[in-house]
Amino acid sequence: MKKLFLMLFAMTLMSDLFAQNETILLYTGTAPGSTGKQVPEDAKTTDGITRVRDVTQPALIVYPAKKKTSDATVIICPGGGYSILAIDHEGHDIAKWFNAHGMTAFVLKYRLPQEDLFDNDEIRPLQDAQQAIRLIRKNAAKYGVAPDKIGIMGFSAGGHLASTASTHFNTQVGEITDPSVSVRPDFSLLIYPVISFNDRIGHLGSRDNLIGKNPPVDKIELYSNDKQVTKDTPPTFLVSTTDDWVQPENSIAYFLACKKNKVPVEMHIYEKGGHGYGLKKQNRGPVETWAFRLEDWLKDRKLMK
C-alpha cells in the first residue's frame, strides 16, 4: 500500500510538472513547405543525450517562471549540427535555469533541413525561429513578457540559427510574413556557436547539412553571420573554449563584427572545456562557470533581477 501511495504521489508531481509546460505549435495544420511525406518524430537517448530527428510539427515548449521577477524572456535553440536537436541539455535544462532565475523561457523545437520533408529546406530553421519570435511578440501579454525584451539563445548549430535570426531579421523568410510584427530579437546569447561557413574556421558539418556540399560562394557569405552584422544587430553575449572543435574564431569573428558596428557585446573564451557542455558539471574546469557570467550580463542589462 505504501509503495502504491508513493507511486501515485510521484505521478501527481510529474503530472503537475508537465501541465506547466504548454506546447505551442508554430503553424496551424501542416507546416509551410512540407512535401507531404509523413514520418514519425524520432527521439532517442544515448550516452545521456536526447537526440530529436524528423521534426515536422515545429513547436515552442513554454517554461513559465513560478516566481517571476523579470518580464524578459528567451527562446532557446538546441544544437546538433543541423542534423539533430540536443533538446535536453541544450534546451529543457537551460529553460529550467532561466525559471530558477525568475524568467519565463521557451524551447524551440525547429525543423531541420531535410529535402525529402520540406521544399527549400535550408530556410526552414530560420523560418521557425522567426515565427517563434513573431508568436511570442504578438502574445506577449498572455505570457507575461515584454514585447521588447525577447531574446534568442543558441548552442553550437543552434547558435548559428540564433545568430542568423539576429542578423537576417530584415527579411522575413518563407510563406508566412507579417510586416506589422518585427522578428528581430532584442538580445542574443550564443554559446559555443557556429557562426562562419567559410573553409578556414567554419563548421563544415553544419554547413553541409544546411546548404549542401560545395555551396556557391555567395551562399557561404550569406550564412557566415559575422559578415551580416550591422549596427541593428542586437546586443550579444558569447562563450567559447580554445579546445573546441567548433573553433573559437567563430565567436571572435562575431565579436569583432559587433565591435566594429558598435553593437554591445561581451565574450568569454575559456582555455579548456571542449564542446557541448551546456550546464553539465563534468570537471571541465572554469568553463563550468559561464552561466554565472551570463547572469551578470543579464543583470547588467536589466533583463534579470
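Two residues are in contact here when heavy atoms of each lie within 4.5 Å. The structure on display is a predicted model, and the tour below proceeds by selection.

**The whole chain**

Begin with the complete protein chain, which has nine helices and eleven strands. Its C-alpha trace spans about 70 × 45 × 40 Å along the principal axes. A compact globule of 305 residues would have a radius of gyration near 19 Å, and the protein chain, at 19 Å, agrees with that. Colouring by accessibility will show that buried residues make up 54% of the 305 residues. Among contacts with a separation of 6 or more, 78% are between residues 24 or more positions apart.

**Lys 272 and its surroundings**

Next, select Lys 272, located in the loop between strand 11 (265–270) and helix 9 (290–300). Is this side chain buried or exposed? Lys 272 counts as exposed, because its relative accessibility is 51% and the cut-off for that class is over 50%. Now display its contacts, leaving aside neighbours within four places in sequence: they are Thr 241, Thr 242, Asp 243, Arg 284 and Val 287. Adding Pro 286 to the selection gives a distance to inspect: the C-alpha atoms of Lys 272 and Pro 286 are separated by 7.9 Å, with their positions 14 residues apart along the chain.

**The largest pocket**

Move to the largest pocket, whose volume is about 250 Å³. Fifteen residues line the pocket, and those nearest its centre are Gly 80, Ala 86, Glu 90, Trp 245 and His 275. Strand 3 (49–53) and helix 2 (88–100) are the elements that give two or more residues to this lining. Colour the lining by class to find four nonpolar, eight polar and three charged residues.

**Asp 54, after strand 3**

From strand 3, step into the loop that leads to strand 4 (59–63), where Asp 54 is found. Asp 54 is not a glycine, yet its phi is positive, at about 55°. With a relative accessibility of 23%, Asp 54 counts as partly exposed.

**Helix 6 and its packing partners**

Select helix 6 (residues 204–211), in which the buried residues are Ser 206, Arg 207, Leu 210 and Ile 211. Turn the view to look down the axis of helix 6: these buried residues fall within an arc of 100°, so they line one face of the helix. Then show helix 3 (124–138), helix 5 (157–167) and helix 7 (217–223), against which the buried residues of helix 6 pack.

Keep helix 5 selected. How many of its eleven residues are buried? The count is eleven of eleven, and helix 5 is accordingly described as mostly covered. Among the buried residues of helix 5 are His 160, Leu 161, Ser 163 and Thr 167.

**From helix 6 towards helix 7**

Finally, follow the chain out of helix 6. Just after the helix, Gly 212 takes a positive phi of about 90°. The loop between helix 6 and helix 7 also holds Asn 214. The phi of Asn 214 is near 55°, a positive value in a residue other than glycine. Asn 214 counts as exposed, because its relative accessibility is 74%.

Methods: Residues are numbered from 1 along each chain as its sequence is written. This is a predicted model: local features need pLDDT of at least 70, side-chain atom pairs count only at pLDDT 80 or more; totals for chains, interfaces and linings use all residues. Side-chain values use heavy atoms; hydrogens and water are left out. Buried means under 20% relative accessible area, exposed over 50%, partly exposed in between (1.4 Å probe, protein chains only). Helices (H or I, at least four residues) and strands (E, at least two) are DSSP runs, numbered from the N terminus. The arc is that of the directions from the helix axis to the C-beta atoms. On a 1 Å grid over the protein atoms alone, a cavity is a set of points where a 1.4 Å probe fits but cannot get out, and a pocket is an open set with protein on both sides within 12 Å along at least five of seven lines; lining residues have an atom within 4 Å of a point. Grid points are joined across faces, edges and corners, and a volume is the space filled by probe spheres set on the points. Ala, Val, Leu, Ile, Met, Phe, Trp, Tyr, Cys and Pro count as nonpolar, Asp, Glu, Lys and Arg as charged, and the others, Gly among them, as polar. The radius of gyration is taken over C-alpha atoms; the globule rule is 2.2 Å times the number of residues to the power 0.38.
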